[in-house]
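Here is a friendly note to read alongside the structure. Take the points one at a time, and keep the 3D view open as you go.

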Amino acid sequence: MVVDRIFSGIQPTGTPHLGNYLGAIQNWVNLQEKCSSVLYSIMDMHSLTMPKEPAVLRQNILDTTAAILACGIDPKKCFLFRQSLVPEHAELAWILGCLTNVPRLLRLPQWKMKRASQNSEGTVGLLTYPVLQAADILLYKSTRVPVGEDQVLHLELAQDIAQHFNKKYGEFFPVPKAILSTTKKIKSLRDPSVKMSKSDPQKLATVSIADSPDEIVLKFRKAVTDFTSEVTYEPTARPGVSNLVSIHAAVTGLSIREVLHQATGLDTAHYKMVVAESVIQKFAPIRNEIKKLQEDKSHLIKVLEDGAEKAKELAAPIYQEIKRLVGFQ
């Protein structure tokens, strides 16, 4: 019997930004209420594909955990755990890597983009981390995976690997389906042609969910729009103001049409402050909860360890069967 099971993960880059929250975490909170088997992982192993100082990584893991708990993720309704605490992820990735051809990995756009950003030939980890992503998903026989547009190709790889395994060893893995985010991709406030990113060198480009009200107001005041004062939603012709409309709709739960109706008669300068105020109101309680949680590191560590124990209990019999199927037992 196939159990409906959701798996998703987030890299520990510290406190998430507005795009992370609207594109992923908000959806996670909703999904934990709708499905009885949900796993969310802090993907610390994936984070090593980009250079990290150990002390920074340790702190980022705790800050990311505090933030997603503050956003409403409830360890009683899901398994929240750190990836590296469940060694079967890496072990299964090796098995699946032996079923995956290199040209397929070389064609993935993330490999090309991240290698270019590192100004290097790229590492084995950077090339093969989509296989580890497949292992993350398949280890729990997950049936559904919340993904953003930029991860669809990686989920397709996981689907193909599952089918290849099933063809070689017999029907075992369910082929996971995508749960696509309905939120429009949130763009940089300084360059609306690219998505909002924590690694953006322009500090005014990205809004953290822990930013102070003054910081949020400043970033939206400086947001790039255009020379037309009217507020409209035209993503191609007016990407800057359209990004503001998308953010406003996402944080208020209103439709694009409803947001535009509210903005009737406002010029873009005044509208920026309306959007900033909506973001401030949305994140004020989250910001306060993050601060509280960050003061209790032992609690955050325990949450991740308890979640890992539950994840191990779920993974162990599945991985034992995988070992039997491939001939290890």
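1. Let us start with a word on naming: helices (H or I, at least four residues) and strands (E, at least two) are DSSP runs, numbered from the N terminus. With that in hand, you can place Ser 181, which sits in the loop between β5 (177–180) and α9 (213–221). Please keep in mind throughout that this is a predicted model.

2. Stay with Ser 181 for a moment. Is Ser 181 buried, partly exposed or exposed? Ser 181 counts as partly exposed, because its relative accessible area is 24% and the partly exposed class lies between 20% and 50%. Setting aside residues up to four places away in sequence, Ser 181 touches Leu 22, Gly 23 and Val 147.

3. The side chain of Ser 181 also reaches two backbone atoms. One is the backbone oxygen of Gly 23, at 3.4 Å. The other is the backbone nitrogen of Thr 183, at 3.2 Å. To get a feeling for distance along the chain and in space, look at Ser 181 and Ser 229: they are 48 residues apart along the chain, and their C-alpha atoms are separated by 30 Å.

4. Now step back to the whole protein. It is divided into domain 1 (6–185 + 297–326) and domain 2 (213–291). Notice that domain 1 is written as two stretches of the chain, 6–185 and 297–326. Taken over C-alpha atoms, the centres of domain 1 and domain 2 are separated by 31 Å. Twelve residues from domain 1 and twelve residues from domain 2 take part in the contact.

5. What do the two domains share where they meet? Between domain 1 and domain 2, an area of about 920 Å² is buried, and carbon and sulfur atoms give 78% of that area. Across this interface the rule finds zero salt bridges. For residue pairs in polar contact (both at pLDDT 80 or more), the count across the interface of domain 1 and domain 2 is zero as well.

6. Which elements build the side of domain 1 that touches domain 2? Helices α1 (18–34) and α3 (54–70) each supply at least two residues to that side. The largest share comes from α1, with four residues. Sorted by class, the side of domain 1 that touches domain 2 has seven nonpolar, three polar and two charged residues.

7. Arg 287 is worth finding next. This residue lies in helix α12 (residues 268–294). Arg 287 and Ala 67 are 220 residues apart in sequence, yet 8.2 Å apart in space, C-alpha to C-alpha. Leaving out neighbours within four places in sequence, Arg 287 is in contact with Ile 209, Ala 210, Asp 211, Ser 212 and Pro 213.

8. On to charged pairs. Side chains of opposite charge can pair when their charged atoms come close. How many salt bridges does the rule count? The count comes to ten. Among them is the one between the side chains of Asp 4 and Arg 144, at 2.9 Å from N to O. This pair links distant parts of the chain, 140 residues apart: Asp 4 is in the segment before β1 (6–10), while Arg 144 is in strand β4 (residues 144–147). Asp 4 is partly exposed at 36% relative accessible area, and Arg 144 is partly exposed at 27%.

9. Helix α13 offers another example. Asp 306 forms a salt bridge with Lys 302, with the closest N and O atoms 2.7 Å apart. Why are these two about one helical turn apart? They are separated in this way because they lie four residues apart in helix α13 (residues 297–326). Asp 306 has a relative accessibility of 33%, so it counts as partly exposed, and Lys 302 is partly exposed at 49%.

10. Another salt bridge joins Lys 312 and Glu 309, whose closest N and O atoms are 3.6 Å apart. These residues are three residues apart in helix α13, which means about one helical turn separates them. Lys 312 counts as partly exposed at 29%, and Glu 309 is partly exposed at 43%.

11. Finish with Asp 44, in helix α2 (residues 44–47). Asp 44 is buried, because its relative accessible area is 6% and buried means under 20%. Apart from neighbours within four places in sequence, Asp 44 is in contact with Pro 12, Ile 61, Arg 82, Gln 83 and Ser 84.

Key:
Residues are numbered from 1 along each chain as its sequence is written. This is a predicted model: local features need pLDDT of at least 70, side-chain atom pairs count only at pLDDT 80 or more; totals for chains, interfaces and linings use all residues. Side-chain values use heavy atoms; hydrogens and water are left out. Domain bounds come from an automatic or database domain assignment. Contact means heavy atoms within 4.5 Å. Buried area is the accessible area (1.4 Å probe) that two parts lose on being put together, summed over both. A salt bridge is a side-chain nitrogen of Lys or Arg within 4 Å of a carboxyl oxygen of Asp or Glu. A polar contact is a pair of N or O atoms within 3.5 Å; within protein, one must be able to donate a hydrogen and the other to accept it, and residues adjacent in sequence count only if both atoms are side-chain atoms. Ala, Val, Leu, Ile, Met, Phe, Trp, Tyr, Cys and Pro count as nonpolar, Asp, Glu, Lys and Arg as charged, and the others, Gly among them, as polar. Buried means under 20% relative accessible area, exposed over 50%, partly exposed in between (1.4 Å probe, protein chains only).
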